[in-house]
Amino acid sequence: MNCSKAKVLMSAAIDGELNLKEEFELTRHLDECPECRSYFQDAKKTKIIIRERIVRVKAPQNLVESIVRMTNITAT
Ligand SMILES: [Zn+2]
């Protein structure tokens, strides 16, 4: 996998939209690519901050579920 493919997968991963195979491939790339690893860390943080702000204003159920899914990804 190259870095631009990895970035597409990272974005999907943050939204909780990766299947197992994609998640595995992304994890493997992150293991060997420090640049993408730090990009992913930052992207996750940014997304979490944005979502927390949205939740404070208004928290529709599907958004809450996305956050729960995202939290699960972060924990693994
Ligand atoms: Zn990379």
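In this predicted model, A6, L9, M10 and A13 of α1 meet E22, E23, E25, L26 and H29 of α2. Contact here means C-beta atoms, placed from the backbone, within 7 Å. By class, this contact has 5 nonpolar, 1 polar and 3 charged residues. Ala, Val, Leu, Ile, Met, Phe, Trp, Tyr, Cys and Pro count as nonpolar, Asp, Glu, Lys and Arg as charged, and the others, Gly among them, as polar.

The axes of α1 (residues 3-14) and α2 come within 10 Å and cross at roughly 120°. The two helices are therefore oblique to each other (neither under 35 degrees, over 145, nor 65 to 115). Helices are DSSP runs (H or I, at least four residues), numbered from the N terminus.

C33 lies in the loop between α2 (20-32) and α3 (34-57). C33 counts as partly exposed because it has 16 C-beta neighbours inside 10 Å (buried is 20 or more, exposed 12 or fewer). Leaving out residues up to four places away in sequence, C33 touches C3 and A6. The C-alpha atoms of C33 and N2 are separated by 9.7 Å, at 31 residues apart along the chain.

Confidence is given as pLDDT (per residue, from 0 to 100). The chain has a mean of 84, and 84% of its residues reach 70 or more.

| Helix | Mean pLDDT | Rank among elements |
|---|---|---|
| α2 | 96 | highest |
| α4 (residues 61-75) | 72 | lowest |

Residues are numbered from 1 along each chain as its sequence is written. Local features need pLDDT of at least 70, side-chain atom pairs count only at pLDDT 80 or more, and totals for chains, interfaces and linings use all residues.

Conventions
Contact = placed C-beta atoms within 7 Å. Axes fitted to C-alpha atoms, helices over the stretch in contact; angles between N-to-C directions. pLDDT = per-residue confidence, 0-100.
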